[in-house]
Amino acid sequence: MNSTATPKSKFNLFNLIVVVVIALVAWSWFSGKSSTPQPDAQHDSRALRVLAGSELKDIEPLLPQLEKDTGVRLKLDYIGTLEGAEQLAQGANYPLAWFSHAKYLELLEGARARVVAREKIALSPVVVGVRQSLAKQWSWDKNPPSWSDLAARAAKGEFKFAMTNPTSSNSGFSALIALIAALSSDPENFSLTPAQQQTVQDFFKGQRLTAGSSGWLSEAFVREQASLDGIINYESVLLQLNKSGQLREPLTLIYPREGVVTADYPLLLLDANKRADYDKVVAWLKSPAIQERLMKDTDRRPILPSIALEARFGSQTLIELPFPGQRSVVDRILTSYLDEQRLPAHAYFVIDLSGSMQGERLSALKTALLNLTGGDSSLTGQFARFRAREEISFLPFRHYAEPATEFTIASGGATENSLADARQFTQNFVADGGTAIFSALAGAYTQMAHEQIQYPDRYYSVVLMTDGANTSGMSLEQFKSFFRQLPQEAQAIKTFPILFGDSDNVAMQQLADMTGGKVFDGTKNLGAAFKTIRGYQ
Amino acid sequence: MNRILAPVLGLILLAGLGYAIFNSMSGQLALKAQITISGLIGSEKEAFFADPRVQQALLKQGLIVKTEKAGSRQIATAFDLKKYDFAFPAGQPAADKILQAVGKRPTYVPFFTPMVIASWQPIAKILEANGVVREKDGVYYWFDLDRYFAWTQQETRWKDLKDSAAYPVNKSVLIRTTDVRKSNSAAMYLALMSYIANGQRVVASREEMDAALPKLLPLFLRQGYTEYSSEGPFENYLSLGMGSSPLVMIYESQFIHEALKTPSGIRPNMALLYPEPGLFTRHVLVGLSENGARLGQVLSDDPELQKLATEHGFRTTDTAAFKAQTDNRKLAVPTELVQIIDPPSYETLEGMIQSIEQQMK
């Protein structure tokens with residue numbers, strides 16, 4: 001506990017010279033070493049691992065400088081917000097964690113107990129980017145709209161926007177909390193009257209692109225900007241989009257009148273033994289020079305009040321809306337979004353039941369689908385399962401495509417029954433025969449094209465799971481020409497292929513690219529892939 | 001090349017250091033030893049202990065002090081106190097909580113600071129128009145807790161107030177605090193508001209507590225998410241501004257310390273409101289080891305350290321020194337505070353916090 005040392009008061013000149021010479025030699029040795037980093041730096045066990053939100057990827061270019069200045073190397077492992085919180089609550093072994101905010105994490109009993117220290121590093125409000133011409137037309141550039149103004153435009157189909165899934169990603173989560181607090185007549189209680197509930201539904205009629213991560217959302221927005229009017233994301237992401245030169249029309253940043261929810265990027269210490277390194281990293285990140293750089297390079301607002309904000313951040317007073325202090329309130333808001341407020345989803349599962357799926361692969365598939373039908377009782381599992389009002393179509397295929405079997409997930413007390421029906425159906429899957437991937441997929445698109453006409457206010461998507469190459473029916477090339485004949489709206493429906501077994505990864509990537517979807521790797525954990533895709537449905 | 005050089009250089013380094021240490025030690029072993037001690041502190045004292053002048057002054061007394069910050073009220077429960085030489089929470093109740101955990105130990109109160117409300121000129125003007133704040137001597141504002149308390153019971157919103165055009169917000173008029181379960185500054189707010197809820201008397205019995213609690217609960221529950229330590233809300237106040245933090249319960253020392261910094265985060269449109277009645281937070285050092293107790297002694301007695309404390313915005317028994325600091329920077333703060341109340345007993349305050357905790361789950 002106590003250590004004693006002796007003061008140096010009578011160092012003579014010779015001693016001093018000895019020490020200085022040694023210090024110089026040592027210094028040149030150490031500095032020489034650090035200027036030639038090992039090629040396998042990625043796997044260096046000395047690196048401090050950080051469980052981080054994917055929105056922090058743009059911090060990476062600063063990390064070599066951090067290591068140079070402090071000797072501490074950070075290695076960021078990316079994960080979704082709620083999933084990260086859940087993993088920490090379950091004891092995932094990370095000395096540090098870093099998310100755009102840690103409010104949900106701190107509301108989870110098990111995760112909160114692990115946080116030894118926390119320091120906010122920067123700020124970025126979650127705001128609404130609107131095409132400049134629309135913002136001008138509606139005078140939103142001069143008079144910021146309220147959240148209900150946005151809802152009114154969305155209900156009329158005049159404002160179609162991109163926003164992440166609030167149960168997977170922090171930007172969507174923050175936007176949802178802000179929306180509810182803004183519309184509620186009692187924002188501290190997050191309670192809604194039936195009329196306000198309707199306004200929330202109106203708002204989400206405009207959510208025409210969703211995603212499980214903020215970064216993917218902005219990439220997809222760039223691809224689909226022609227059919228969208230705006231995007232909800234961190235101010236920093238929107239400022240970077242405007243700078244990127246990828247937009248045909250710049251976005252006007254809208255700070256809704258009732259207020260916003262701001263991310264504060266806390267760096268969390270989880271392992272008390274790493275306190276010294278943590279303190280160094282925090283001191284470095286909060287130093288004026290680095291705070292300036294964070295502002296200039298990553299478009300986040302500095303946490304240091306002494307640093308003047310650059311003009312592009314605007315000068316308006318940002319009203320910060322309340323954030324719930326109880327997990328039950330947050331869970332209620334998220335559940336209500338999924339079961340009542342968002343556009344109901346219609347998810348197509350095009351599933352390979354060919355002979356090669358027999359055995360372990362089939363049981364992995366059944367487990368994954370069991371989880372989506374209520375078998376996963378974890379926090380994220382509950383949000384990821386099929387939700388009320390959702391339509392689920394299963395299109396199993398062998399050397400031929402089976403007709404679709406559809407389940408409508410009922411609301412309220414009847415949800416469990418409809419989940420049980422879907423569960424029973426999938427647990428009876430039997431694998432045999434060949435692999436007609438593209439015929440089955442074409443069948444799904446044909447059906448969706450019809451459904452879209454009858455039910456335009458649904459969010460359609462396809463999950464394609466196959467463990468091998470196409471052996472019968474339509475070829476990839478045939479599918480491509482079929483796809484190009486589809487109506488424009490049907491071509492906008494994304495396919496999310498899952499890599500599994502001996503799947504044809506090149507073809508899967510082409511499908512994802514062609515439909516605007518994304519490939520997920522299910523080779524290590526098929527259930528996790530299915531679960532992650534739920535954030536994109 | 002490095003692989004061969006490294007051990008060789010390492011040996012040379014060791015040999016050289018050993019030689020140098022041997023030489024400098026010989027003949028002066030009798031000199032007073034320096035002692036490294038470690039302790040847990042409330043976050044509001046982090047800057048004080050990090051100040052090189054403070055470290056130098058402590059070194060003169062033979063002390064090297066290592067600190068870790070924690071929510072003052074967490075110190076007693078969330079840490080293994082055997083590993084530390086001292087605990088230095090904010091607030092007598094937090095210190096009492098530690099003493100309950102470790103038994104009788106020496107305590108020192110080297111400095112103290114009143115609870116204040118960090119706010120903004122436009123907000124103060126609105127509150128003034130509505131009779132909750134009044135200006136005195138042209139600069140600082142007295143904040144009428146009694147009238148404010150009535151608003152909280154009616155869930156009054158900013159946009160409902162008279163002349164609130166500068167802040168037409170649908171949020172409740174609520175002072176933001178830290179998490180009352182974790183941090184002293186929120187507990188001090190509870191102490192103040194329980195006095196008001198109890199009809200201007202310090203809550204002293206179970207009956208009074210039970211009567212006051214239903215009125216006090218919304219002050220905390222309606223805040224929603226709260227932060228763990230007192231620097232959190234103040235940081236939000238400084239960097240997120242009026243839209244996030246119209247009224248924040250802080251220690252006066254936090255504001256003064258920030259004002260004395262260069263560059264400073266304090267801007268001309270900020271305002272400091274003094275609640276009426278007021279309450280002092282005593283910064284109580286609990287000596288867990290003999291050397292930890294010496295730190296308490298030194299902080300209380302050493303004139304240089306006492307002066308440095310005032311430079312960090314704390315008040316000491318030397319009111320003139322405090323006044324000199326604030327006058328120097330033209331900071332208008334009251335030297336004397338009248339109508340100061342005491343917090344309730346440790347047991348009463350703990351009891352109230354536990355009841356609130358039950359409701360926050």
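Here are some friendly notes on the predicted model shown above.

1. **Ground rules.** This is a predicted model, in which local features need pLDDT of at least 70 and side-chain atom pairs count only at pLDDT 80 or more, while totals for chains, interfaces and linings use all residues. Residues are numbered from 1 along each chain as its sequence is written, and chains are lettered from A and ligands numbered from 1 in the order in which they are written.

2. **Confidence.** The model scores ipTM 0.83 and pTM 0.87. For chain B the mean pLDDT (the predictor's confidence in each residue, from 0 to 100) is 90, and 91% of its residues reach 70 or more. Among the elements of chain B, strand β3 (residues 86–88) has the highest mean pLDDT, 97, and helix α1 (residues 2–25) the lowest, 58. (Helices are DSSP runs of H or I with at least four residues, strands are runs of E with at least two, and both are numbered from the N terminus.) Residues 26–31 of chain B have pLDDT below 50, and this stretch has 4 contacts in the model beyond near neighbours in sequence. Two residues are in contact if their C-beta atoms, placed from the backbone, lie within 7 Å. Where pLDDT is low, the predicted coordinates should not be read in detail.

3. **Domains of chain B.** Chain B is divided into domain 1 (34–110 + 281–328) and domain 2 (114–280 + 336–360), with bounds from an automatic or database domain assignment. Their centres, taken over C-alpha atoms, are 25 Å apart. In the contact, 25 residues of domain 1 of chain B meet 23 residues of domain 2 of chain B. On the domain 1 side, α5(B) gives the largest share, 5 residues. That side has 6 nonpolar, 12 polar and 7 charged residues. (Ala, Val, Leu, Ile, Met, Phe, Trp, Tyr, Cys and Pro count as nonpolar, Asp, Glu, Lys and Arg as charged, and the others, Gly among them, as polar.)

4. **A helix pair in chain A.** How do α18(A), residues 437–454, and α19(A), residues 476–485, cross? Their axes come within 9 Å and cross at roughly 10 degrees. (Axes are lines fitted to C-alpha atoms, for helices over the stretch in contact, and angles run from 0 to 180 degrees between N-to-C directions.) That makes α18(A) roughly parallel to α19(A), a label for angles under 35 degrees. Phe438(A), Leu441(A), Ala442(A) and Tyr445(A) in α18(A) meet residues of α19(A) including Phe479(A) and Phe482(A). By class, this contact has 8 nonpolar, 1 polar and no charged residues.

Notes:
Parallel < 35°, antiparallel > 145°, perpendicular 65-115°, else oblique.
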